[in-house]
Amino acid sequence: MVIAILETITEEQKTFLEQKTNSQIILLDRKKINDHIHVIKPDILICRDFDINFNLLESWGNYLKLVYILSVGVNRLPFAELKKYNFKVCKTPGKVSATEISEYVMGAIYFLNYNFSAYLKQQELHIWDNSRRTKPLYKKNILIFGIGDIGTRISDICYKNGMEVVATSRTYHSGQNYSFISLEEAIDTIGNYDFIISSLPLTKETYHFFDYEKFVKIKYGAFINISRGSVVNEVDLVNALNNGYLSGGCFLDVFEKEPLSNDSNLWDLDNVFVTPHISGRVDKLIGLSLSYFVEVFDCLNNNLSIPYLVNLDKEY
């Protein structure tokens with residue numbers, strides 16, 4: 001087979017793929033893709049979700065057997081166009097970064113629960129004040145929206161810290177460390193939880209899912225977003241915070257537009273903590289992702305059920 005790769009990889013990674021797939025590996029320059037599409041006819045394309053466009057599909061769509069996306073999120077894929085073709089679309093599974101993201105979430109929970117921001121300010125001002133009292137995380141409750149690989153790993157680490165974990169998604173899931181409730185029930189009861197976590201994929205249905213109507217139900221809880229920025233209506237979030245809701249604080253790692261603009265109100269709100277989309281920045285991510293690709297390739301080559309498929313109807 002011919003495998004075209006629209007990503008910079010090392011010689012070691014290229015050799016790894018050649019040995020594992022016994023295929024011809026062609027490395028392409030993303031900036032010169034229009035020079036390549038009429039010259040080669042790959043069987044498999046490895047790329048990012050933003051690489052797939054009309055010209056590429058028109059030139060290669062009828063030759064491709066598989067497209068493998070080198071990321072967990074795939075919200076920039078042209079789903080309607082992809083449905084016109086017969087090749088499979090797979091992505092890097094969420095488990096590639098699930099441990100790192102779940103540890104980020106746990107760190108955010110500890111930071112908010114123990115009010116470390118107040119002590120950082122005290123340190124800056126050389127103030128010794130130990131009058132605050134903190135309740136332990138044990139038996140505090142957490143609601144996770146989206147229970148795929150990442151959401152499940154978050155549930156595991158929170159459960160091991162003694163928290164009572166509830167999860168929700170569009171379709172039913174069962175797990176050892178969480179109770180599952182319907183999306184409707186989760187929305188109705190969202191204000192009952194100490195911590196609300198967004199692990200939702202970005203689709204047409206989840207765009208601005210977290211809006212003012214939901215935020216005003218959260219009087220005392222905290223909100224943490226490690227999924228995609230556009231699942232949150234940031235204007236609504238700022239308004240809710242300014243009106244006294246979400247008093248538990250917010251940890252935001254993803255935003256509608258990245259980098260976050262210098263004039264965004266989110267930078268300056270006392271109970272909002274901004275990180276620059278780092279929760280899933282895994283060391284050696286490309287190499288790990290390619291190892292999952294080999295698993296997909298072996299299944300394709302042996303006519304077995306293919307893992308990590310993108311559902312083009314659900315858009316994730």
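This is a short talk on the sheet, the helices packed on it, and the salt bridges of one structure.

Keep in mind that this is a predicted model.

Let me start with the sheet. Seven strands make it up, and the sheet is open. The order is β8-β7-β6-β9-β10-β11-β12, with parallel pairing. Which strands sit at the edges? They are β8, residues 179–180, and β12. Each of these pairs on one side only.

Now go to β10, residues 222–225. Are its faces covered or open? Both are covered. Ala222 and Ile224 are buried on one side. Phe223 and Asn225 are buried on the other.

Look at the neighbours of β10. On one side is β9, residues 195–198, joined to β10 by 4 bridges. The two strands run parallel. Here Ser198 stands opposite Asn225. Then there is β11, residues 249–252, also parallel to β10 and joined to it by 4 bridges. In β11, Asn225 has Leu252 as its bridge partner. To get from β10 to β11, the chain passes through helix α10, residues 234–242. That β-α-β crossover is right-handed.

One step further along, β11 meets β12. They run parallel, with 3 bridges between them. Leu252 turns up again here, opposite Val274 in β12.

Next, the helices on the sheet. Which strands does α5 lie across? They are β6, β9, β10, β11 and β12. Its direction makes about 155 degrees with that of β11. Helix α7, residues 149–160, packs on the sheet as well. It touches β6, β7 and β9, and runs at about 170 degrees to β6.

Stay with α5 for one residue. Tyr104 is in this helix. Its relative accessible area is 12%, so it counts as buried, the cut-off being under 20%. What does Tyr104 touch, beyond its neighbours within four places in sequence? The list is Ile226, Phe251, Leu252, Asp253, Thr275, Ile278 and Ser279. So Leu252, the partner of Asn225, is also a contact of Tyr104, which is buried at 12%. For a pair far along the chain, take Tyr104 and Leu17. They are 87 residues apart in sequence, and their C-alpha atoms are 31 Å apart.

Now α6, residues 116–124. Its buried residues include Ser117, Ala118 and Gln122. Why do they line one face? Down the axis of α6, the buried residues fall within an arc of 145 degrees, so one face of the helix holds them. As a reminder, an α-helix has 3.6 residues a turn, so residues three or four places apart point the same way. What covers that buried side? The cover includes α5, residues 98–113, and β12, residues 272–274. The face turned away carries Gln123 and Glu124, both exposed. Just after α6, look at His126, which has a positive phi of about 60 degrees.

Last topic, salt bridges. How many are there? The structure holds 11.

Take Arg30 and Asp51 as one of them. Their closest N and O atoms are 2.6 Å apart. Arg30 is in the loop between β2 and α2, and Asp51 is in the loop between β3 and α3, so the pair ties together parts that are 21 residues apart in sequence. The two ends differ in burial: Arg30 is partly exposed, at 30%, whereas Asp51 is buried, at 7%.

A second pair is Asp43 with Lys65, with closest N and O atoms 3.0 Å apart. Asp43 lies in the loop between α2 and β3, and Lys65 in the loop between α3 and β4, so this bridge ties together parts 22 residues apart in sequence. Asp43 is buried, with a relative accessible area of 15%. Lys65 is partly exposed, at 38%.

A third bridge joins Lys214 and Asp211, at 3.7 Å from N to O. Lys214 is buried, at 12% relative accessible area.

Some of these bridges share partners. Which residues do they join into one network? Glu7, Arg30, Arg48 and Asp51.

To recap, then. Asn225 of β10 is buried, and faces Ser198 and Leu252. Tyr104 contacts Leu252 from α5. Arg30 and Asp51 form a salt bridge, and both belong to the network with Glu7 and Arg48.

Notes:
Residues are numbered from 1 along each chain as its sequence is written. This is a predicted model: local features need pLDDT of at least 70, side-chain atom pairs count only at pLDDT 80 or more; totals for chains, interfaces and linings use all residues. Side-chain values use heavy atoms; hydrogens and water are left out. Buried means under 20% relative accessible area, exposed over 50%, partly exposed in between (1.4 Å probe, protein chains only). Two strands pair if DSSP finds at least two bridges between them. A crossover is right-handed if, with the strands pointing away from the viewer, the path from the first strand over the helix to the second runs clockwise. The arc is that of the directions from the helix axis to the C-beta atoms. Contact means heavy atoms within 4.5 Å. A salt bridge is a side-chain nitrogen of Lys or Arg within 4 Å of a carboxyl oxygen of Asp or Glu. Axes are lines fitted to C-alpha atoms, for helices over the stretch in contact, and angles run from 0 to 180 degrees between N-to-C directions.
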